[in-house]
Amino acid sequence: MIIKNARIYTPEHTFKTGDLTIRDGRIAFGAPPLEGEEVLDANGAYALPGLVDIHFHGAVGHDFCDADEAGLQAIADFEASKGVLAICPATMTFSEEILNGIMDVAAAHKNGQGADLVGINMEGPYISPKKIGAQNPKYVQGADAAMFRRLQARSGGLIKLVDVAPEEPGNLDFIRDCHNEVCISIAHTCTDYDTANRAPGPIIAALEDGADVELITDNVHIHPAVVRFTFNTFGDDHVILIADSMMACGLPDGAYSLGGQAVTVRGPRATLTEHPDTIAGSATCLYDCMRRAVCEMGVPLESAVRAATENPARSIGVDADYGSLAAGRYGNVVLADDDLNILAVVQKGKVIHDNR
């Protein structure tokens, strides 16, 4: 396939008008045209890399933690329709027994349709009981290296991130033991500066250590001024946009669940039904989070795209294939108009959604 007349998001994080060639599913700049090759005229539209979501829970009525292949496939199909072509869904705080079933389904999943499953984000259970959020306090426990390794083996090596509250007893030992095996994400934590400095930690410690930070730009979780502040302070090379979406994403308002807890969704806001002041994930997909960052929060387009594509891919070690339109990467392309409405989604050189 050749995508012609596009404003291409380059590996230098700028836009350049030109043509994009995809051969054998991968970007191939400068390759000569082939007889009968499909030509897609972008008519000046943006050509963005397929997005990479490393922290979300579900969509269209399904949750990754349902441990159901049909549900996982439905999530993958929905995400691909929204330009998210690589996914690393998150578990919730559960027992090892429950997590085993989730790992089994993920390990058996085949990437033949929809977004590619490229990893698992193990959000619980090694978190602080004082910063539980929408997680289930029943299953919170100290970090356990042996348990993590059993789960990692069961998943076929798919676990890319493990959330840890470093101030909890024994959790620093886990970080020391396992940081070379998996990316440690400091989350759901009350850690102080000194503790956080022993690992990528929150706020000032994260800034000084050069850590990446996750942002949910659904215009519910974080004030736009804080979003702009974070980009300006950490730099767009260290910000990762995530959706943190739950099963209501892509569906109307109503009653849903997250991690076994009842959730009420009204508009973009999802809250625990019994604790309506507690946000329970989002109802917004990553593409729409990126779009809101640009259109509603004042984040430069180039920065927002980088934070939703290259940075998350790099953070979990899949950037040789995903997150960029550099030569050799998968030909995953989102064509969008000036208002960032999706016009078409191309996966590995094939149009899978066409809204033109």
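The following exchange goes through burial, contacts, cores and a cavity in this predicted model.

Me: What is the basis for the values, and how are residues numbered?
Reply: In this predicted model, local features need pLDDT of at least 70 and side-chain atom pairs count only at pLDDT 80 or more, while totals for chains, interfaces and linings use all residues. Residues are numbered from 1 along each chain as its sequence is written, and side-chain values use heavy atoms, with hydrogens and water left out.

Me: Why is Cys289 called buried?
Reply: Buried means under 20% relative accessible area, exposed over 50%, and partly exposed in between, using a 1.4 Å probe and protein chains only. Cys289 has a relative accessible area of 0%, so Cys289 is buried.

Me: Where is Cys289 found, and what does Cys289 touch?
Reply: Cys289 is found in helix H8, residues 286-295; helices (H or I, at least four residues) and strands (E, at least two) are DSSP runs numbered from the N terminus. Contact means heavy atoms within 4.5 Å. Leaving out residues up to four places away in sequence, Cys289 touches Thr217, Asp218, Ile242, Ala243 and Thr284.

Me: What puts the buried residues of H8 on the same side?
Reply: The buried residues of H8 are Leu286, Tyr287, Cys289, Met290 and Ala293. They cover an arc of only 165° around the axis, and therefore lie on the same side of H8. The arc is that of the directions from the helix axis to the C-beta atoms.

Me: Which residues of helix H3 are buried, and why are they placed on the same side of H3?
Reply: In H3 (residues 145-155) the buried residues are Ala145, Met147, Phe148, Leu151, Gln152 and Ser155. Their arc around the axis is only 160°, which puts them on the same side of H3. The buried residues of H3 pack against helix H2 (96-108), strand S11 (120-122), strand S12 (159-164) and helix H4 (171-178).

Me: What makes a set of residues a nonpolar core?
Reply: A nonpolar core is a set of buried Ala, Val, Leu, Ile, Met, Phe, Trp, Tyr and Cys residues joined through side-chain atoms within 4.5 Å. The largest such core has 83 residues, and Phe174, Leu241 and Tyr287 have the most contacts inside it. A second, separate core of 16 residues includes Ile27, Leu325, Val333 and Ala344.

Me: Why is Thr21 counted as buried, and Gly254 as partly exposed?
Reply: Thr21, in strand S2 (residues 15-23), has 7% relative accessibility and therefore counts as buried. Gly254, in strand S16 (residues 254-258), has a relative accessible area of 25%, so Gly254 is partly exposed. Not counting residues up to four places away in sequence, Gly254 touches Val263, Thr264 and Val265.

Me: How many cavities are there, and what makes a space a cavity?
Reply: On a 1 Å grid over the protein atoms alone, a cavity is a set of points where a 1.4 Å probe fits but cannot get out; lining residues have an atom within 4 Å of a point. The points are joined across faces, edges and corners, and the volume is the space filled by probe spheres set on them. By this rule there is one cavity of 30 Å³ or more. The largest cavity has a volume of about 50 Å³, and its lining includes Gly50, Leu85, Asp321 and Tyr330. Strands S6 (51-53) and S9 (84-87) each supply at least two residues of that lining.

Notes:
On a 1 Å grid over the protein atoms alone, a cavity is a set of points where a 1.4 Å probe fits but cannot get out, and a pocket is an open set with protein on both sides within 12 Å along at least five of seven lines; lining residues have an atom within 4 Å of a point.
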